[in-house]
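Okay, everyone, thanks for coming. Have a look at the slide for a moment, and then I'll walk you through it.

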Amino acid sequence: MVYITSWDEFVERSVQLFRADPDSTRYAMKYRHSEGKLVLKVTDNIQCLKFKTDQTQDAKKMEKLNNIFFTLMARGPDADISEVTGKEQMETQATKRGRGRKQ
């Protein structure tokens, strides 16, 4: 198993792998606190894609990949994932207001 060094390539190939065979594709994460490393793995038992990082800024990227996979699993493999980004969701959550007093 070879690690993919480019994040964009890993995401693109992972989505292609899922769309090719959504029933047998798995996505797993493993974090080792002692080493400070995060390993992401996408496999369909034939092909295995792995990405390893020790950068904390990659956690946001991982969140975006989670949102992509959630969308594909919920809406089907042919769903449009162009609208799925972590940044847009965070902005919409920040603009929501509670039931408190109007200002």
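Let me start with a question: is T43 buried or exposed? Keep in mind that this is a predicted model. T43 is buried, because its relative accessible area is 8%, and the cut-off for buried is under 20%. So where does T43 sit? It is found in strand β2. And what does T43 touch, if we skip residues up to four places away in sequence? The list is L17, S24, T25, R26 and C48. There is also S14, which is 29 residues away from T43 in sequence but 8.3 Å away in space, going C-alpha to C-alpha. The strand around T43 fits that picture, since β2 is mostly covered, with 5 of its 7 residues buried.

Okay, let's zoom out. The chain has 3 helices and 3 strands, and reading from the N terminus you get α-β-β-β-α-α. There are 103 residues in the chain, and 33% of them are buried. If you take the contacts between residues at least 6 apart in sequence, 48% of those join residues at least 24 apart.

Now the sheet. The 3 strands make an open sheet, ordered β1-β2-β3, with antiparallel pairing. As a general reminder, strands of a sheet pair through backbone hydrogen bonds, either parallel or antiparallel. Here β1 and β3 are the edge strands, each with a single partner, so each has one side with no neighbour in the sheet. On average, neighbouring strands are turned by 15° against each other, ignoring direction.

Going strand by strand, β1 and β2 pair over 7 bridges, and in that pairing R32 stands opposite K37 in β2. The hairpin of β1 and β2 has 4 residues between the strands, and G36 there takes a positive phi near 70°. On the other side, β2, which covers residues 37-43, is joined to β3 by 6 bridges. K41 stands opposite K50 in β3. The hairpin of β2 and β3 also has 4 residues between its strands, and this time N45 is the one with a positive phi near 70°.

What packs on this sheet? One helix is α1, which touches β2 and β3 and points at about 150° to the direction of β3. Then there's α2, which touches β1, β2 and β3, with its direction making about 160° with that of β1.

That brings us to the core. In soluble globular proteins, nonpolar side chains tend to be buried together. In this model the largest nonpolar core has 19 residues, and W7, F10, L40, L65 and I68 have the most contacts inside it. At least two residues of this core come from each of α1, β2, β3 and α2. The largest share is from α1, with 6 residues. If you want one core residue to click on, try I68: leaving out residues up to four places away in sequence, I68 touches V11, V15, I81 and V84.

Last topic, the aromatics. How many aromatic pairs does the structure hold? There are 5. Take W7 and F51: their ring centres are 5.0 Å apart and the planes are at 70°, so this pair counts as edge-to-face. W7 is in helix α1, residues 7-20, while F51 is in strand β3, residues 48-53, so the pair ties together parts that are 44 residues apart in sequence. W7 and F51 are both buried. Ring pairs also bring in F10, making a cluster of W7, F10 and F51.

Then we have Y27 and F69, and that pair is stacked, at 4.8 Å centre to centre with 25° between the planes. Again the pair links distant parts of the chain: Y27 is in strand β1, residues 26-32, F69 is in helix α2, residues 58-75, and they are 42 residues apart. F69 is buried too, because its relative accessible area is 2%, against that same cut-off of under 20%.

One more ring before I stop, and this one has a lysine: K52 lies over the face of Y3, 4.7 Å from the ring centre.

That's my tour, so let's go back to the slide and chat.

Technical notes
Residues are numbered from 1 along each chain as its sequence is written. This is a predicted model: local features need pLDDT of at least 70, side-chain atom pairs count only at pLDDT 80 or more; totals for chains, interfaces and linings use all residues. Side-chain values use heavy atoms; hydrogens and water are left out. Rings of Phe, Tyr and Trp (its six-membered ring) pair if their centres lie within 6.5 Å; planes under 30 degrees apart count as stacked, over 60 as edge-to-face and the rest as tilted. Buried means under 20% relative accessible area, exposed over 50%, partly exposed in between (1.4 Å probe, protein chains only). A charge sits over a ring if NZ of Lys or CZ of Arg is within 6 Å of the ring centre and within 35 degrees of the ring normal. Two strands pair if DSSP finds at least two bridges between them. Axes are lines fitted to C-alpha atoms, for helices over the stretch in contact, and angles run from 0 to 180 degrees between N-to-C directions. Contact means heavy atoms within 4.5 Å. A nonpolar core is a set of buried Ala, Val, Leu, Ile, Met, Phe, Trp, Tyr and Cys residues joined through side-chain atoms within 4.5 Å.
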